[in-house]
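Please work through the exercises below with the sequence and the coordinates open beside you. Each task is followed by a solution that proceeds step by step.

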Amino acid sequence: MKDLLAYFRNSSVRKKLVLTYLVVIIIPILALGIYAYQSSKGYLKKQLMIGMNHTVSQTALNLDQKMEKSGEFISFIVFNPIVKKVTGSELPDILSYAKELNDNIEPTIWYYININREMKDVLFYSDYTGKQIGNFIYPSDAVRNIDWYKEAVKTSKTQWHYDPQLQVLFATH
């Protein structure tokens, strides 16, 4: 420090002025630069958080709408009298099953699956059939002991489940 002070004292007036102006100019510019950097960093961080919150909110809203639409379809199908008749009791013969499926149930389900790409498949499990009927009705024997099936039998509400092994989100009613 003493050497620096001695150099400054022994310098010409011109060098002293230049050094003084440099110090007087550099310190405020440096301070202003650091302040501007910190302010813009904080502002950008705040804007990023606002943007991310908006994106998450919009994604959640879209997901809610899709799940609600799927839930409405599930309720429509579950409470459909023809579906109840086919899945809820024995029809007189396989021909009656086939006619009801071909005329009423399968066209509605295929239509819905085709216009709603989020839904990949619709399966009905019936206690009244011992084999698969059509593309959508299966015997409940295969799933009767699975937890989600037991829960679905106990309630009349739509419940959403996720199978991590299959990576599938599905609903029961």
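The exercises that follow concern a predicted model, and they move from helix packing to a core, a hairpin and a loop residue.

**Exercise 1. Determine how helix 1 and helix 2 are oriented to one another, and which residues form their contact.**

Solution. Begin with the axes: those of helix 1 (residues 2-10) and helix 2 come within 8 Å, and they cross at roughly 125°. Because an angle of that size lies outside the range of 65 to 115 degrees for roughly perpendicular and is not over 145, the limit for roughly antiparallel, helix 1 counts as oblique to helix 2. Next, list the residues that meet: helix 1 contributes Tyr7, Phe8 and Arg9, while helix 2 contributes Lys15, Lys16, Leu19 and Thr20. Finally, sort the residues of this contact by character, which gives three nonpolar, one polar and three charged.

**Exercise 2. Describe the largest nonpolar core and the surroundings of phenylalanine 73.**

Solution. The core has 14 residues, and those that touch the most other members are Phe73, Ile77, Ile109, Val122, Phe124 and Phe136. Turning to the elements involved, two or more residues come from each of helix 2 (13-78) and helix 4 (94-115), and helix 4 supplies the largest share, with five residues. Then examine phenylalanine 73 itself: once neighbours within four places in sequence are set aside, its contacts are Thr108, Ile109, Tyr112, Met119 and Val122.

**Exercise 3. Work out how strand 3 pairs with strand 4, and what lies in the turn between them.**

Solution. Strand 3 (residues 159-163) and strand 4 (residues 168-172) run antiparallel and are joined by five bridges. Individual pairs can then be assigned, including tryptophan 160 opposite alanine 171 and histidine 161 with its bridge partner phenylalanine 170 in strand 4. The two strands form a hairpin with four residues between them, and within that turn glutamine 167 has a positive phi of about 55°.

**Exercise 4. Is serine 140 buried or exposed, and which residues does it touch?**

Solution. First place the residue: serine 140 lies in the loop between strand 2 (137-139) and helix 5 (147-154). Serine 140 has a relative accessible area of 0% and is therefore buried, the cut-off for that class being under 20%. As a last step, leave out residues up to four places away in sequence; the residues that serine 140 touches are then Tyr125, Ser126, Asp127 and Tyr149.

Key. Residues numbered from 1 in each chain as written. Predicted model: local features only at pLDDT ≥ 70, side-chain atom pairs only at ≥ 80, totals over all residues. Heavy atoms only, no water. Core = buried A, V, L, I, M, F, W, Y, C linked by side-chain atoms within 4.5 Å. Buried < 20%, exposed > 50% of the residue type's maximum accessible area, 1.4 Å probe, protein only. Contact = heavy atoms within 4.5 Å. Pairing = 2+ DSSP bridges. Axes fitted to C-alpha atoms, helices over the stretch in contact; angles between N-to-C directions. Parallel < 35°, antiparallel > 145°, perpendicular 65-115°, else oblique. Nonpolar A, V, L, I, M, F, W, Y, C, P; charged D, E, K, R; others polar.
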